[in-house]
Amino acid sequence: MEENQINQDFKVVIIGGSAGSLNVLMQILPQLPVIKTFAVVIVLHRKSTDDQTLEELIKLKVRSNVKPIEDKVPFLPGFIYIAPSNYHLLFEKNDVLSLDTSEKINYSRPSIDVSFESAAEVYKNRLTGILLSGSNADGTEGLKSVKNEGGTIIIQDPDSAEMPFMPNHAIQNTTPDYVLNIQQILQFILSIDN
Amino acid sequence: MIEDIELETLINEVYEYYGFDFGSYSRASLKRRVNRIYQLDGFTYFEEFLSKVRSDSEYYKRMVDEITVNVTEMFRDPSFYTVIRNQILPLLGTKPFIRLWHAGCSTGEEVYSVAILLKEAGLLHKSLIYATDINTTVLETAKKGIFPLRMMKEYSENYRDSGGKEDFSNYYTANYGIAKFNEELSKKMVFSQHNLVSDTSFNEFDLIFCRNVLIYFDNDLQKRAINLFDESLSVLGFLALGTKETIKYSISQSKYKQVEKEKIWRKIK
Ligand SMILES: C[S@@+](CC[C@H](N)C(=O)[O-])C[C@H]1O[C@@H](n2cnc3c(N)ncnc32)[C@H](O)[C@@H]1O
């Protein structure tokens with residue numbers, strides 16, 4: 001496969017979440033101006049039917065363009081991407097997205113671990129992994145990979161999470177760069193373009 | 001964990017020793033799958049793994065079976081099946097004989113689902129369903145039509161969501177944790193090995209399914225597969241892909257008309 005020139009300015013933020021995280025996203029995403037130098041990828045545990053309610057909901061609330069994910073769509077800065085239900089979301093070296101229907105991981109497809117691990121390999125220190133509320137252990141292993149590859153890891157402060165299990169589990173098993181409440185997570189994302 | 005360069009070495013060696021070309025498979029998924037079996041089978045050195053693959057053809061087969069993703073379901077995406085049932089089959093029903101092909105059928109859940117639709121449309125008796133895959137192990141399962149009984153609750157819900165009105169359990173016999181689907185359905189199926197990387201067209205079809213297979217291919221191989229389907233489709237035949245797949249980047253759009261917003265295209269010339 002041909003490798004494109006690496007665009008060192010292209011940064012990637014992946015936000016993973018489960019139960020109680022949609023609310024957090026709804027407090028963060030509408031506050032973002034049009035994003036420029038980075039892409040936001042949202043990987044949420046969701047029902048396995050192919051319904052578009054999450055996409056529609058987010059589209060209504062954000063200023064940046066939401067790109068629907070299909071297999072091998074170009075992955076570009078300036079867009080928000082939402083992992084579709086019933087597929088794992090993977091990242092190719094030439095800045096395109098791939099989907100995969102392999103076994104559920106942590107009872108989940110999409111699995112946050114899978115996307116963190118795959119993106120970490122490609123985007124290394126240009127990747128930030130953010131893990132939100134949830135009652136599942138998904139995300140922890142993936143955050144470890146992000147860290148190992150030189151990326152930044154942020155975990156929602158369990159005190160601000162509806163379901164503190166997932167962030168707590170990650171805090172206990174990784175060395176987070178930041179543990180932040182919802183407002184602070186927003187500030188962090190806002191600072192990327194500045 | 002294996003390195004990128006090791007993955008390329010493995011791809012080259014497999015091609016050299018066995019003639020199978022994984023060179024156009026999507027790397028992100030392929031690497032995950034190879035790492036999975038590498039760890040599952042307890043390897044610590046890549047060289048050790050590589051020489052096992054080279055020297056032991058049984059192990060090579062195991063590796064291929066494990067790196068191809070075979071996860072499937074009956075009536076996966078019920079709304080897709082609703083469209084097949086309500087819009088596509090009635091159009092095909094006017095033909096004296098209907099030929100279908102499931103490329104990458106895995107263990108056959110999709111094939112039995114479609115056979116049920118054909119039966120309910122009164123078309124099964126004049127249909128012939130070809131079902132192919134590269135993985136011969138999954139084809140054996142598919143031939144038997146035996147699926148885990150514990151899945152039947154979910155499948156019967158999918159079936160109902162797709163517009164099915166019958167008692168789903170009439171289609172199988174339950175026994176010791178397995179559900180064996182009626183031979184009336186499998187009688188109309190022909191299973192055989194077919195490789196989308198290297199094999200050619202082998203018949204002409206009215207409806208081709210290739211769902212969740214192209215996602216494992218890069219753009220070039222997707223193009224090859226779509227062209228192979230194009231050669232194998234009769235004019236006014238249909239090609240059905242997975243919910244996140246498209247023919248858009250692979251073939252001239254003037255030859256095909258999409259059926260509403262579904263991942264189903266009709267060959268118009
Ligand atoms: C995820 S399954 C899809 C099953 C079913 N069509 C569905 O959508 O549920 C993918 C299948 O494609 C098969 N496959 C992978 N590479 C192939 C190739 N080169 N030629 C034919 N089949 C292939 C795999 O063995 C696997 O069974």
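1. Which space is the largest cavity? In this predicted model, the largest cavity is the space that the ligand takes up, and the points below therefore begin with the surroundings of the ligand before turning to the aromatic rings, given that residues from chains A and B surround the ligand and the site is shared between these chains.

2. The shell around the ligand comprises 21 residues, of which B:Tyr25, B:Asn70, B:Thr72, B:Glu110 and B:Asp133 come nearest. Sorted by character, the residues of this shell divide into 8 nonpolar, 10 polar and 3 charged.

3. Polar contacts to the ligand involve both side chains and backbone. A polar side-chain atom of B:Thr72 lies 2.6 Å from an oxygen atom of the ligand, and B:Asn70 likewise places a polar side-chain atom 2.9 Å from a ligand oxygen atom. At B:Leu196 the contact is made by a backbone N or O atom, which lies 2.9 Å from a nitrogen atom of the ligand. As for cover, the ligand has 600 Å² of accessible area on its own, and the protein covers 99% of it.

4. Over all chains, the structure holds 39 aromatic pairs. One of them joins B:Phe20 and B:Phe22, whose ring centres are 4.4 Å apart and whose planes stand at 40°, so this pair is tilted; the angle falls between the limits of under 30 degrees for stacked and over 60 for edge-to-face. Both partners are buried, B:Phe20 with a relative accessible area of 10% and B:Phe22 with a relative accessible area of 3%, because values under 20% count as buried.

5. A further aromatic pair is formed by B:Trp101 and B:Phe205, with ring centres 5.4 Å apart and planes at 35°, so that this pair, too, is tilted.

Note on methods
Residues numbered from 1 in each chain as written. Chains lettered and ligands numbered in written order. Predicted model: local features only at pLDDT ≥ 70, side-chain atom pairs only at ≥ 80, totals over all residues. Heavy atoms only, no water. Near = heavy atom within 4 Å. Polar contact = N/O pair within 3.5 Å; in protein donor to acceptor, adjacent residues only side chain to side chain. Areas by Shrake-Rupley, 256 points an atom, 1.4 Å probe, with all protein chains shown as cover. 1 Å grid on protein atoms, 1.4 Å probe; cavity = no way out; pocket = protein on both sides within 12 Å on 5 of 7 lines; lining within 4 Å. Sits in = over half its atoms within 2 Å of the grid points. Nonpolar A, V, L, I, M, F, W, Y, C, P; charged D, E, K, R; others polar. Phe/Tyr/Trp six-rings, centres within 6.5 Å; stacked < 30°, edge-to-face > 60°. Buried < 20%, exposed > 50% of the residue type's maximum accessible area, 1.4 Å probe, protein only.
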